[in-house]
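Please look over the sequence and the model shown here before reading on, and keep both at hand while you follow the text.

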Amino acid sequence: MNGPRKVYIKSYGCQMNVYDSHRMADTLAPEGYVETDRAENADLVVLNTCHIREKAVDKVYSELGRLREMKDEAALAGRRVSIAVAGCVAQAEGKEILRRERAVDLVVGPQSYHRLPDLLRKAEREGHALDTEFPAEDKFDFLAPASREATRKRGVTAFVTIQEGCDKFCTFCVVPYTRGAEISRPVAKVIADVERLADTGVREVTLLGQNVNAYHGDGPDGKAWTLGQLLWRLAEIPGIARLRYTTSHPRDVDDTLIAAHRDLPALMPQLHLPVQSGSDRILAAMNRQHTTKDYLAVIEKFRVAQPALCFTSDFIVGFPGESDDDFQATLRLIEDANITTAFSFKYSPRPGTPAAEMDDQIDEDVKADRLGQLQTLVNRQHERFQQSCVGRTLDVLFEKPGKFDGQITGRSPYLQPVQVMGHPSLIGNIAPVTITGTRTDAKSLFGVVAQPAAQPHNAAVRPVVRRRRTNSWRRCGCR
Ligand code: 5AD
Ligand code: SF4
């Protein structure tokens, strides 16, 4: 008797892709597919791609080359392997992928994942299938929910997409073209998803959206709800102890969100707020629709409401026309806003975006040099933050066994990985941990499970030496 068919899904890029990969697996489960973590064992390989930077596309094509060899070998052994390309590269490149790589059976854009079973049947019948439409129906109404077993396997933390797409059109970014216009899922559907997750033991939910704080889903009262309102409602769901959200835009921060950070204990004190550059000239050329002053003012508002909040951000270096002075302004902003960690990238021209056509593209070595300087500064600030946690007692949500025998690992309210020696029964629970040290590279913390109750995350933090005294974020818990 034939066993179940196996699907291997590889995700590139952001957390929204990880979430989408889970939903694709859930949608394929009723078709008889079980997930495998090895491409060699799979009957179907799905590459869930990212188009945000150049290298990601190159990586996809070289992975497809490897998969072609694997597929050819399997065919010689009489076994059929199907290969699907999903995600933003699928959306952007469409037919070009089928033309360029004969091994690909199926190309599916992010708005059509619910059609995956039909597309697979079509590819089997006709040799290949392509769907990069922005269909009228809402894919979330058709994507299968995760089985209890699948949710349990994925652990005690989960992602839920609440918003997709973007109308901001930053001049460097492909997202508005690959993910389409901004839409928000209705409140009732988000609640149902989070209730289902809580039911299977999920304790922490991260709400996802390309512009998550632009959320304006239909509420049960017939009005559009803000992200702040939604967070309050989700915090009422029994079992849900922690809420996070990502990624936000500084322009879409409203008072309900700031109030939620002030008053809602389940909302974790770490906020990812991309700024991209510290130069107003470059921000204007990027069409970010905010200045550095606006950004710092938003951070100040958050910090007044919740002094413990920690900020992380995204930066692009070497945007067309970026001078050394512009770059120095970015370094100053990282210090002034006290960014504790960041994703940083060399500007990569994306075909079809306005910035790709701009004069004054910057040399790759200048970009590399600036990226190195920026990352050195961010690493220094991150290390300082990690050190400031030593001696504190932080609540840790334990997620899984650690690398070593007897070790378990979890996350602090600030999303720092924390390792302790502890009983596996703590997994899924939140326990106070006294931080005893940091790993040599400061990436994670070590601690011991503490007897007394943990300090709430908004308690005062042991101060560390401040390098700049000119700004006004004195109350920030991260310092
Ligand atoms: N080049 C480099 N980085 C980019 N990002 C988006 N588009 C580009 C690009 N063309 C970065 C931004 C964004 C993050 C998800 O990726 O910093 O916030
Ligand atoms: Fe891209 Fe800008 Fe939209 Fe973020 S806000 S997804 S960077 S266009």
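The paragraphs below go through two sheets, a pair of helices, a loop residue, a pocket and the surroundings of a ligand. Please bear in mind throughout that this is a predicted model.

We can begin with an open sheet of six strands, whose order is S2-S1-S3-S4-S5-S6 and whose pairing is parallel. At the edges of this sheet are S2 and strand S6, which covers residues 129-131, and each of these two pairs on one side only. As you go from one strand to the next, the twist averages 20 degrees. Within the sheet, strand S3 (residues 44-49) runs parallel to strand S4 (residues 82-86), and five bridges join the two. To place this pair in the sequence, find Asn48, which stands opposite Ala86 in S4. Helix H2, made of residues 54-76, packs on this sheet and touches S1, S3 and S4, while the direction of H2 makes about 175 degrees with that of S3.

Further along the sequence there is an open sheet of three strands, in the order S12-S13-S14, and here the pairing is parallel. Why is one side of each edge strand, S12 and S14, left without a neighbour in the sheet? Strand S12 (270-272) and strand S14 (339-346) each have a single partner strand, so on one side of each there is no neighbour in the sheet. The average twist in the sheet of S12, S13 and S14 is 20 degrees from one strand to the next. Strand S13, residues 310-317, is joined to S14 by seven bridges, and the two strands run parallel; in this pair, Phe311 stands opposite Ile339 in S14. Helix H14 (residues 364-388) packs on the sheet by touching S13 and S14, and the direction of H14 makes about 165 degrees with that of S14.

Helices can also meet each other, as the next pair shows. The axes of H9 and helix H10 (residues 255-263) come within 7 Å and cross at roughly 35 degrees. On the H9 side the contact involves Leu227, Gly228, Gln229, Leu231 and Trp232, which meet Thr256, Leu257, Ala260 and Asp263 in H10. By class, the residues of this contact divide into five nonpolar, three polar and one charged.

Ala224 lies in the loop between strand S10 (204-208) and helix H9 (227-235). If its neighbours within four places in sequence are left aside, Ala224 is in contact with His216, Gly217 and Gln229. Ala224 and Ala266 are 42 residues apart in sequence, and their C-alpha atoms are 23 Å apart in space.

We turn now to empty space. The second largest pocket has a volume of about 470 Å³. Its lining is formed by 17 residues, and of these Val34, Glu35, Ala150, Lys153 and Arg154 lie nearest the centre of the pocket. Two or more lining residues come from each of strand S1 (5-11), helix H1 (15-28), strand S2 (33-35) and helix H6 (148-154), with H6 giving the largest share, four residues. The lining of this pocket has nine nonpolar, two polar and six charged residues.

Finally, which residues are found around ligand 2? They are Cys166, Lys168, Phe169, Cys170, Phe172, Cys173, Val175, Pro176, Asn211, His249 and Arg288. Sorted by class, the shell around ligand 2 holds seven nonpolar, two polar and two charged residues.

Methods. Residues are numbered from 1 along each chain as its sequence is written. Chains are lettered from A and ligands numbered from 1 in the order in which they are written. This is a predicted model: local features need pLDDT of at least 70, side-chain atom pairs count only at pLDDT 80 or more; totals for chains, interfaces and linings use all residues. Side-chain values use heavy atoms; hydrogens and water are left out. On a 1 Å grid over the protein atoms alone, a cavity is a set of points where a 1.4 Å probe fits but cannot get out, and a pocket is an open set with protein on both sides within 12 Å along at least five of seven lines; lining residues have an atom within 4 Å of a point. Grid points are joined across faces, edges and corners, and a volume is the space filled by probe spheres set on the points. Ala, Val, Leu, Ile, Met, Phe, Trp, Tyr, Cys and Pro count as nonpolar, Asp, Glu, Lys and Arg as charged, and the others, Gly among them, as polar. A residue is near a molecule or strand if one of its heavy atoms lies within 4 Å of it. Contact means heavy atoms within 4.5 Å. Two strands pair if DSSP finds at least two bridges between them. Axes are lines fitted to C-alpha atoms, for helices over the stretch in contact, and angles run from 0 to 180 degrees between N-to-C directions.
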